[in-house]
Structure formats: structure tokens, C-alpha cells
Amino acid sequence: MQFTFIDLFCGIGGFHQAMADLGGECVYASDIDADCRKTYENNYGIKPDGDITKVDVTDIPPHDVLCGGFPCQSFSKAGKRLGFADETKGTLFFDICRILKHHKPKYALLENVRNLASHDGGNTWRVIHDTLDGLGYNVIDEPVIFSPHYIGVPQHRERVFIMCVRKDIGKLPPFYFNIGKIPPCSIDDILLDDNEIPDLSSYKLREDQIEWIDNWNEFIQNIKCEKLPGFPIWSDCLCPIEENPYFSEMETLPKWQLNFILKNNELWEQNKDFISKWLIKAKRNRNFFGAKAKLEWQAGNMPNPNIWEHIMQIRPSGLRVKPGTYFPALVAITQTSIVGKRKRFLTPRECARLQSFPDSFQYDEKKAQAYKQFGNSINVGLVSFFARYMFGDKNLQHKYSLEVQFPQIIKEQTLSLFPEWNTKKALQ
Ligand SMILES: C[S@@+](CC[C@H](N)C(=O)[O-])C[C@H]1O[C@@H](n2cnc3c(N)ncnc32)[C@H](O)[C@@H]1O
């Protein structure tokens, strides 16, 4: 299939990579960030324009597909439907609209954070949907929320995908996905062998970091409780209640905070002997302060927990431990995941793989930039997936239909339509 496309808010080119693989030719790209533009040009040989708000639509070539992962912003609550110019003015979505209005491409594929679906009490989605409709595009009524781990890529990254088909071209069938049917995925699919990493030592945890995590491992393996705590462990609250640093202000604390303090205290009461000895040892480690003296165990309940089998992130709220099956969403800020079983941080190449970029992709040589750019990027596999759905791939449309994703509902509907049939007949 041959087609032309434009890549708005192009970043490092997640859309470009997928669209080019499907046979598309990029005729225009734009991003306000100079470092992203450099990475884009290095990989695709196209120099993106800068700030899209400053670009005249007549300077953009005609194209078949408009692509854009635009930042999520609030629209004015106009009350009555005024049309895109009034409701969307001042937002970057407005710039997408003025390009659509002028060029009328056959398709547009847009992406945004999951929050867009509920943002501003649903007003944001309503304005986007109705505006695209008003510009002459068919858009599925409900926001489609999807994550790479739904198709076997080990990253949990829920995003809203907006497929727009010009009304004279056709209409998309509704998209269904049964989250009870998430296929298994494995982080081994994207991990490099340690001996393939040239500057391995810069990703490895230091001895003092290993000791600090070992201490938390000892904690989680030795505390006695009904099930492993899902609430945050705040080590400064593991003490008699009258010694709690918040004791004097307890009555004024918000409910959620008081709740955590009381749960920590209960844990201490049940494990006094172990915890008091453990705290003396844990505090000797130079990492054990502030957020690092907190643990967020989010790996579920299990008989013989071992922190090193899981994925960790050092977050402002504590050392967060997640199941070792897939990574949490890459984020632009530097909270690079720790691969427990390798006792090291994820490398930029592994981040590229989590976003389904090929190994030939050249990332920014400044590591902080590379992590940021992959954290902002879109998963290439999902662009390809939704582009194929939007272009009319019948197999894909069938696979994500109500009858395949939720056969039970179809069965029940059929039986309620024909109650006199027996189940066997209805299902034949
Ligand atoms: C969520 S990222 C999109 C990333 C991209 N889809 C990718 O695969 O890398 C949003 C991008 O919008 C860009 N941006 C924000 N404001 C912009 C503007 N006024 N004009 C052009 N680009 C802008 C940011 O620099 C950022 O790279």
C-alpha cells in the first residue's frame, strides 16, 4: 500500500517508523523540541519544522494520512457546541483541526494519554469527538484505550487512540478488547544479554544500592502478616504510635495518610522484634533516607517473595516493586526501571525495544535525552496496529469485534432473541 503522511508532534518518530513500514512516505514533520528534531533527522533524513502553531497550513504538502500524538489540554466549557474554532482555540488540537480542515486527508490517527478519556469530566473527549465529526470524519464514539502489553509487548502503557476516517471513505466498526484475554508477555523478549551491553558497569546497581534493596528484601521475606502489604511501608512509621513523627498532628491529617500510618503501626505491632533489629541494620545504609526509606510493594501476594525477581523503580514515593512480567510505562522523567534479576537499570536500547523501535534506530547519545525521548514516544507496534485497523484490515477488525472478544454476550443476546431455541441450536 502506498500513501503519504504527515507527522505532527513527531518526537523521535514512533508514527514515522510504523507508517513507513506500512508503505507510507512522510512529506512533512514538526516538533518544537530541537533534540527530538535531531534524532528524527538522524534516523529518517527529514528535518522537522518547529512550533506547529506558527506554521501556515499552505506550507504543509497535501497528504493521505495525518498522524499526531498531541499534548492533552483542557478546552473551554462552551456549554453549547460552537464548532472547533471557538471551542479548541489556544490548544494544540486546534492546530490539528486547521490542517484537517484545509487538507482534508483521507485518514487521521491521533494518540493521547489515557486520562484524555475522562479529562475535564469527559468534556475533552466530547469536544475532540464532535469537532472531528464536524470536520467530516467518522470517529468511533467511545475513546479506544489500549496498551502494548495487550499485544504481547512487555510494557504497560495505556493510551487513547483516535482513528478518523473521512466520511466519504467509510466508517469503522466499533473496537472491542476483552482485558480478560491479555496474552502472556515476558520481559526477556526485550532484554539484552549483559555481555551485549558495551558500558554495562554504568547500568549496574552499586554495591550500596544492592545492599539497600537487599535490606528491603529481608523485610518483605520476614514480616509476618496475613498477606503482603499493598499499602506503602513508611519506615519512620514502623514504631509505637506515640513515637510516630506525625503523632501530634494525627487529628488534622487527611484520611488516606492516617490510614497508612495506622496500617504501618499495626505491622510494627505484629513484628516488633524483627522490625526493631531490621531498622538498626537498614539505617546503616547510606541510601536509607527520604523516599528510599519507603517501600511500595505492588507485586501482589505470594508465598516466597523475592524482590530480585521483580521490576523496581525509585520514585518520589518510595522504592516501587512491580511484578516481573512487564515494565511500567516508560516516562519522560528519569525513573528508569531496575531489572531485578539483572541488578541493573534498563538501557536506552531496551527502552527502544519497549517502544518497538528496530535495533537499527539511532538514539540520542546523551543518555538522559534518550530516556526522555523514549518516555515521550509512542509504541511503534500500536501505531501499526491501529493504522491497519483504520485502513480496513478485515482480519484485525474481525479479531477485535464484539463477537470474537465477548462471545458470551453474543450468545446471551442470541438466546434472548430466540428464547425457544436450545443452547446447542443457538450456537451452531
Ligand atoms: C507525546 S510527544 C509525541 C512523541 C511522538 N509521538 C514520538 O513518537 O516520539 C509530544 C510532542 O509534542 C511536541 N510539541 C509540543 N508542543 C509543540 C508545538 N507547539 N509544536 C510542535 N511540537 C510540539 C513535544 O516536543 C513532544 O515531542
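The face of helix 6 turned away from its buried side carries three exposed residues: Glu207, Gln221 and Asn222. This is a predicted model, and helix 6 is a good way into it.

Take the buried side next. Trp212, Ile213, Asn215, Trp216 and Phe219 are the buried residues of helix 6. They cover an arc of only 140 degrees around the axis, which puts them on the same side of the helix. The spacing fits a general rule. An α-helix has 3.6 residues a turn, so residues three or four places apart point the same way.

The length of helix 6 can be checked too. The helix runs over residues 207-222, 16 residues in total. At 1.5 Å a residue, the expected span is 22 Å. The end C-alpha atoms lie 22 Å apart, which agrees.

What lies over the buried residues of helix 6? The cover includes helix 8 (272-282), strand 10 and strand 12. Those two strands lead into the sheet.

The sheet is open and has six strands. Their order is 9-10-12-11-14-15, and the pairing is mixed. Strand 9 (233-234) and strand 15 (344-345) form the edges, since each pairs on one side only. Strands of a sheet pair through backbone hydrogen bonds, either parallel or antiparallel.

Strand 12 shows both senses of pairing. On one side is strand 10 (residues 294-297), which runs parallel to strand 12 (residues 318-322). Three bridges join this pair. Tryptophan 297 stands opposite valine 321 in strand 12.

Strand 11 (residues 311-315) is the other neighbor of strand 12 in the order. Here the pairing is antiparallel, over five bridges. One of the matched pairs is isoleucine 311 with lysine 322 of strand 12. Strand 11 and strand 12 form a hairpin, with two residues between them.

Is strand 12 enclosed or open to the outside? Five of its five residues are buried, so strand 12 is largely enclosed by the rest of the structure. Strand 12 is also part of what covers the buried residues of helix 6.

The ligand comes last. It is surrounded by 21 residues. The closest are Phe9, Gly11, Gly14, Gly69 and Ser377. What is the make-up of this shell by class? The shell has 10 nonpolar, eight polar and three charged residues.

Note on methods. Residues numbered from 1 in each chain as written. Predicted model: local features only at pLDDT ≥ 70, side-chain atom pairs only at ≥ 80, totals over all residues. Near = placed C-beta within 6 Å. Nonpolar A, V, L, I, M, F, W, Y, C, P; charged D, E, K, R; others polar. Pairing = 2+ DSSP bridges. Helix = DSSP H or I, 4+ residues; strand = E, 2+ residues; numbered from the N terminus. Expected span 1.5 Å × (residues − 1). Buried ≥ 20, exposed ≤ 12 C-beta atoms within 10 Å, placed from the backbone. Arc of directions from axis to C-beta. Contact = placed C-beta atoms within 7 Å.
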